[in-house]
Amino acid sequence: MEKQNRPMEPEVQHPMFAAVETNRRRSTLAILLDRTAATDERELARLLAATEGGTQVADVSEEDVRAIRLDLHHKQLPVLRNSGLVGWDEGTGTVTTTDHRALTDPRFRQLLETEEAGVDDVLFGLSDRRRRYLLSVLRDNWQNRTAMSRSALARRIARHETDTEEPDQSTLDEILLALTHIHLPMLATADIVRYNPESGRVAYTGNPALEKVVTIFNEPDNRLVSRLDGFFGGLLTSYQEAGGGTGTSLDWPSFWRDPHHG
């Protein structure tokens, strides 16, 4: 699903999910991780063109380099810089990775290099806090082989977001409206959920790309120097940021959270 066809977002995206939600940003990060020095924007654009086109760097056209460089400058690099994963000097036109802890983790590199179809849509879906929670609920139901009504899902979300057993009607109405017109249609279009607007029934599809991301998020850290710190018994701890965590296995992993960068 092309991003320009996605519904308008009611919330600010999680900066880390936003940084990896497109193949171009993931490829940019993978290229930069292989560089030992700052990379010129033009050179980065040429390397991206070769990667995306499956061609040799020498065969990349100047037209492609110009187009990708413009896209990098105006769309991709601002998002990556906001995440704390890259340093970008607009004056010199150079880009480099930072010392963000996620960049040294092989699991993060695995996420960058995943080729599972639909992973862009999955990461975009997870970039919204409310969608992360609703997907965790639906995924639990999927494992129990049950679907859920839209109204019951709205009530679960309301209880979670307000931390009360009986949310007020205005809160329920707002959540139900957002589910009906934004979240569920978007997730259904991406084949992450099955959703019947008439009956209001919704179920997780067992989407392979989402399951791949969850697998990566749950992999233990096998690096010797951090084996004990990185191993969480197969469970994720939540990504604790103000208003950003949902306390579910679909949150941004705490072992990729950096106290200096985010």
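Which residue in β6 does methionine 148 stand opposite? Select methionine 148 and look across to the neighbouring strand: valine 202 in β6 is the residue opposite. Keep in mind on this tour that the model is predicted.

**Stop 1: the sheet**

Now select residues 148–149, which make up β4, and 193–196, which make up β5. Add residues 201–204, strand β6. Together the three strands form an open sheet in the order β4-β6-β5, with antiparallel pairing. β4 and β5 are the edge strands, each pairing on one side only. As a general rule, strands of a sheet pair through backbone hydrogen bonds, either parallel or antiparallel. Here, two bridges join β4 to β6, and β5 and β6 pair over four bridges.

**Stop 2: the hairpin**

Stay with β5 and β6, which form a hairpin with four residues between them. Click on glycine 200 in the turn: its phi is positive, at about 80 degrees. Then find asparagine 196, which stands opposite arginine 201 in β6.

Next, show the side chains of β5. In a regular strand, side chains alternate between the two faces of the sheet. You can follow this in β5: Val193 and Tyr195 point to one face and are buried, while Arg194 and Asn196 point to the other and are not buried.

**Stop 3: alanine 203**

Select alanine 203, a residue of strand β6. Is alanine 203 buried or exposed? It counts as buried, because its relative accessibility is 11%, and the cut-off for buried is under 20%. Leaving out residues up to four places away in sequence, alanine 203 touches Ala147, Val193 and Arg194. Try a distance too: from C-alpha to C-alpha, alanine 203 and threonine 146 are 7.3 Å apart in space, although 57 residues separate them in sequence.

**Stop 4: a helix on the sheet**

Bring back the whole sheet, with its edge strands β4 and β5. Now add residues 129–143, helix α7, which packs on the sheet and touches β4, β5 and β6. The direction of α7 makes about 80 degrees with that of β6.

**Stop 5: two helices together**

Finally, select residues 106–113 for helix α5 and residues 208–218 for helix α10. Their axes are 9 Å apart, and the helices pack at an angle of about 165 degrees. That angle is why α5 is roughly antiparallel to α10. The crossing of α5 past α10 is right-handed.

To see the contact, show Arg107, Gln110 and Leu111 in α5, which meet Lys212, Val213, Ile216 and Phe217 in α10. Sorted by class, this contact has four nonpolar, one polar and two charged residues.

Technical notes:
Residues are numbered from 1 along each chain as its sequence is written. This is a predicted model: local features need pLDDT of at least 70, side-chain atom pairs count only at pLDDT 80 or more; totals for chains, interfaces and linings use all residues. Side-chain values use heavy atoms; hydrogens and water are left out. Two strands pair if DSSP finds at least two bridges between them. Contact means heavy atoms within 4.5 Å. Axes are lines fitted to C-alpha atoms, for helices over the stretch in contact, and angles run from 0 to 180 degrees between N-to-C directions. Buried means under 20% relative accessible area, exposed over 50%, partly exposed in between (1.4 Å probe, protein chains only). Angles under 35 degrees count as roughly parallel, over 145 as roughly antiparallel, 65 to 115 as roughly perpendicular and the rest as oblique. A crossing is left-handed if the near helix is turned anticlockwise from the far one by less than a right angle, and right-handed if clockwise. Ala, Val, Leu, Ile, Met, Phe, Trp, Tyr, Cys and Pro count as nonpolar, Asp, Glu, Lys and Arg as charged, and the others, Gly among them, as polar.
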